Amino acid sequence: MTAAPAQRFVEQFRARKAALPGAALPWLAERREAGIGRFAELGLPTPRVESWKYTSLRPLEKLAFATPNGEAVSVDRLPSLLPAGAGEHRLVFVNGHFRADLSALGNLPDGARLGSLAALLESDPEFLAENLGRLGDACEQPLLALNAALMDDGLVLHLGRGVDWTTPIEVIHIAAAVERPLAYHPRNLILLEPGSHAVLIEHHVSLGVGVSFANTASEVVLGEGAVLHHYKMQAEGPEAFHFATLHGEIGRNAHYDAFGMSLGARLSRNEISLRLAGEGAGCHLNGAYMIRGQQHCDNTTVIEHLVPNTSCREVFKGVLDDQSRAVFQGRIVVRPGAQKSDGHQLSKAMLLSERAEIDAKPELEIYADDVKCSHGATAGDLDHNALFYLRSRGLPERRARNLLVEAFLSEAVEAISAEDLCPAFLASIADWLSTRHAGDRS
Amino acid sequence: MLDIKNLHVTVDGKEILKGIDLQIAPGEVHAVMGPNGSGKSTLAYVLSGREGYVVTEGQVLYQGRDLLGLETEERAAEGIFLAFQYPVEIPGVANTTFLKEALNAVRRHRGEDELDAMQFLKLMRAKVKQLGISDELLKRSVNVGFSGGEKKRNEMLQMAVLEPRLAVLDETDSGLDIDALKTVADGVNALRGSERALLIITHYQRLLSYIVPDKVHVLAHGRIVRSGGKELALELEEKGYSEFAPEAA
């Protein structure tokens with residue numbers, strides 16, 4: 001079943017490989033070949049694969065995707081999650097390709113490198129030969145293998161030792177509709193040397209209505225004591241397919257603090273694997289989603305405690321309306337010897353329609369005996385007592401419902417540490433609620 | 001103000017109220033007393049329009065209008081307030097947000113201008129002082145982490161802000177120490193006036209020492225079995241409810 005659609009990507013690779021960025025670099029060509037070879041063996045994931053049990057790529061298989069062809073897309077207005085004037089560093093990618101004309105890198109601190117992968121493959125291939133593709137096992141993840149083969153552009157952020165970059169870096173990814181369905185495969189590399197600090201914001205939107213398939217892969221490496229705040233807003237259009245595979249390695253006393261909001265796309269999946277690789281390493285991996293119609297949103301995470309004294313906190317909260325479906329698969333693994341690991345995970349879903357569905361699969365896999373780990377998953381309707389209480393004080397039913405949904409999600413948003421961003425995320429909740437159809441649950 | 005005629009109510013198919021008749025005039029305070037399971041809370045909920053309470057017979061007129069046709073929020077906007085026996089916790093909604101939303105919803109309904117943040121703040125400061133509530137409680141999520149007494153005070157605060165015409169207090173005295181009881185009573189007494197009416201639902205007489213009712217009704221097995229003046233409450237305190245035990249079939 002999967003041979004045919006996968007084959008189309010393989011053929012696309014054969015046709016394009018000479019034109020892909022860095023085609024003249026033997027090490028890269030070799031990795032691309034390995035990637036496509038592996039992808040050809042694996043095919044697109046099917047529900048027979050455990051980690052894809054609840055997310056079907058069937059709708060994707062029916063489509064023939066073209067590659068962006070340098071179409072001149074004009075962008076009149078750039079969305080921003082930051083308050084006016086706060087965005088000093090902005091990178092814009094349109095259909096996966098860096099657009100220098102729309103970007104404003106601003107003044108970079110000494111020891112910082114920020115730019116496009118395709119450009120860096122020209123200017124400093126040695127750096128990439130050493131650092132790109134170190135994380136993640138493309139042998140296991142078909143979409144990552146496909147990305148390894150077809151990666152065309154993306155973000156590179158490299159901070160030298162001790163670089164403290166406190167102003168946020170906003171990266172805007174625009175899926176711009178053209179006549180044909182488009183597929184692209186961005187690859188991001190985020191490398192923070194010991195003691196450095198950055199705030200990275202990803203903002204994914206669509207321009208026009210058209211089918212897009214973004215198959216993004218990101219590598220995040222945090223050296224000793226480095227801190228990355230990583231925020232993501234995925235608000236793509238209703239025809240978008242959004243896949244984001246992220247592999248992170250968090251060193252000694254380093255901290256990865258992530259919050260992602262998913263509200264767009266027909267089908268989206270964040271697949272995040274974090275390795276707490278040095279003592280004192282920690283992560284906050286939080287997310288929220290609001291979906292409706294036929295939307296499908298999947299958050300699949302694996303957090304591995306490899307050494308003693310590491311911690312993780314993971315909370316995903318979502319609201320589902322209509323016939324939408326969400327998947328939460330969260331695995332926390334404590335490797336042998338990783339004593340005093342401290343891990344907490346929680347998935348909470350609010351179902352506003354009887355036809356909505358959440359598949360939550362929290363898993364703890366523990367191979368050490370002195371650890372503190374917990375997980376939980378809840379799914380439910382609005383609290384009817386609370387609804388009655390609000391209405392008994394005069395709040396109209398619709399407003400009372402919205403207030404309860406907002407309260408449920410805003411808890412997740414208000415936990416984010418970049419206060420600048422809270423208003424935009426909270427506004428997205430209010431927008432979503434205000435555009436909810438009036439025919440509430442019957 | 002309130003005219004209940006032959007009210008029959010079922011919950012989950014079981015008849016709980018079996019023909020209640022009760023008239024409350026403006027300015028009056030009525031107490032409904034009765035043993036557990038007599039239908040006291042059902043009466044409170046049906047007046048506020050809670051789902052699941054089905055009126056099978058009878059009528060309720062409020063200010064001459066059919067009350068039962070109104071939604072819960074319309075009743076609130078028309079001036080009916082229910083002080084809950086168990087105030088509900090709402091994580092993530094700040095108490096002030098809640099109060100402001102409620103007040104402005106009611107004001108909109110009445111055709112009055114909404115209060116802006118400053119005006120609202122001023123009003124809150126005054127009310128909070130009156131009721132001896134700490135500012136801290138205003139910032140916290142509605143009733144979350146409140147003690148029993150704080151929850152009841154919060155009910156009184158809402159009542160003071162919304163200024164209802166008919167307040168129904170459902171076992172507001174349960175679980176209160178004497179100080180909290182006095183605060184509640186002060187809050188209620190401050191609201192008494194010729195325009196307003198109060199319906200106090202309680203198991204015990206003690207709240208009625210502080211809020212002296214004009215009339216006392218005994219509710220047992222879904223019916224009002226006796227009505228009288230304030231002295232009836234004292235009599236009940238002495239004799240208990242045993243004389244209202246179910247009659248032999």
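These are my notebook entries on a predicted model with a chain A and a chain B.

**Ground rules**

I number residues from 1 along each chain as its sequence is written, and letter chains from A and number ligands from 1 in the order in which they are written. Because the model is predicted, local features need pLDDT of at least 70 and side-chain atom pairs count only at pLDDT 80 or more, while totals for chains, interfaces and linings use all residues; side-chain values use heavy atoms, with hydrogens and water left out.

**Entry: chain A as a whole**

I looked up the secondary structure of chain A and found 9 helices and 20 strands. Here helices (H or I, at least four residues) and strands (E, at least two) are DSSP runs, numbered from the N terminus. I then read the radius of gyration, taken over C-alpha atoms. Chain A has 21 Å, which agrees with the value near 22 Å for a compact globule with 442 residues. The globule rule is 2.2 Å times the number of residues to the power 0.38. Along the principal axes, the C-alpha atoms of chain A fill a box of roughly 70 × 55 × 50 Å.

Of the 442 residues in chain A, 58% are buried. I use buried for under 20% relative accessible area, exposed for over 50%, and partly exposed for what lies in between (1.4 Å probe, protein chains only). I also looked at contacts, meaning heavy atoms within 4.5 Å. Among contacts in chain A with a separation of 6 or more, 85% are between residues 24 or more positions apart.

**Entry: helix α6 and Asn215 of chain A**

Why is helix α6 of chain A called largely enclosed? I found that 9 of the 9 residues in this helix (residues 142-150) are buried, so the rest of the structure largely encloses it. Its buried residues include Leu143(A), Leu146(A) and Asn147(A).

Those three residues are also among the contacts of Asn215(A), counted without its neighbours within four places in sequence. Asn215(A) sits in strand β9 (residues 212-222) of chain A. At 0% relative accessibility, Asn215(A) is buried. Its side chain makes a polar contact of 3.2 Å with the side chain of His185(A). A polar contact is a pair of N or O atoms within 3.5 Å; within protein, one must be able to donate a hydrogen and the other to accept it, and residues adjacent in sequence count only if both atoms are side-chain atoms.

**Entry: Asp381 of chain A**

I placed Asp381(A) in the loop between β20 (372-380) and α7 of chain A. Asp381(A) is partly exposed, at 31% relative accessibility. A polar contact of 2.9 Å joins its side chain to that of His384(A). The C-alpha atoms of Asp381(A) and Met350(A) are separated by 5.5 Å, although the two residues are 31 residues apart along the chain.

**Entry: salt bridges within a chain**

I counted 35 salt bridges over all chains. The rule asks for a side-chain nitrogen of Lys or Arg within 4 Å of a carboxyl oxygen of Asp or Glu.

In one of them, Glu61(A) and Arg58(A) have their closest N and O atoms 3.7 Å apart. The two are 3 residues apart in helix α3 (residues 58-61) of chain A, so about one helical turn separates them. Glu61(A) is buried at 13% relative accessibility, whereas Arg58(A) is partly exposed at 44%.

Asp370(A) and Lys340(A) pair at 2.9 Å. Asp370(A) lies in the loop between β19 and β20 and Lys340(A) in the loop between β17 and β18, so the pair ties together parts 30 residues apart in sequence.

**Entry: the interface of chain A and chain B**

How many residues of chain A are in contact with chain B? I found 18, which meet 30 residues of chain B. The buried area is about 2000 Å², with 63% from carbon and sulfur atoms. Buried area is the accessible area (1.4 Å probe) that two parts lose on being put together, summed over both. Phe388(A), Tyr389(A) and Arg393(A) supply 40% of the area that chain A buries against chain B, more than any other three residues.

Across this interface the rule finds 4 salt bridges. I looked up the salt bridge between Glu71(B) and Arg391(A), at 2.9 Å from N to O. There are also 11 residue pairs in polar contact, both residues at pLDDT 80 or more. On the side of chain A that touches chain B, α7 (384-391) and α8 (397-414) each supply at least two residues. The largest share, 7 residues, comes from α8(A).
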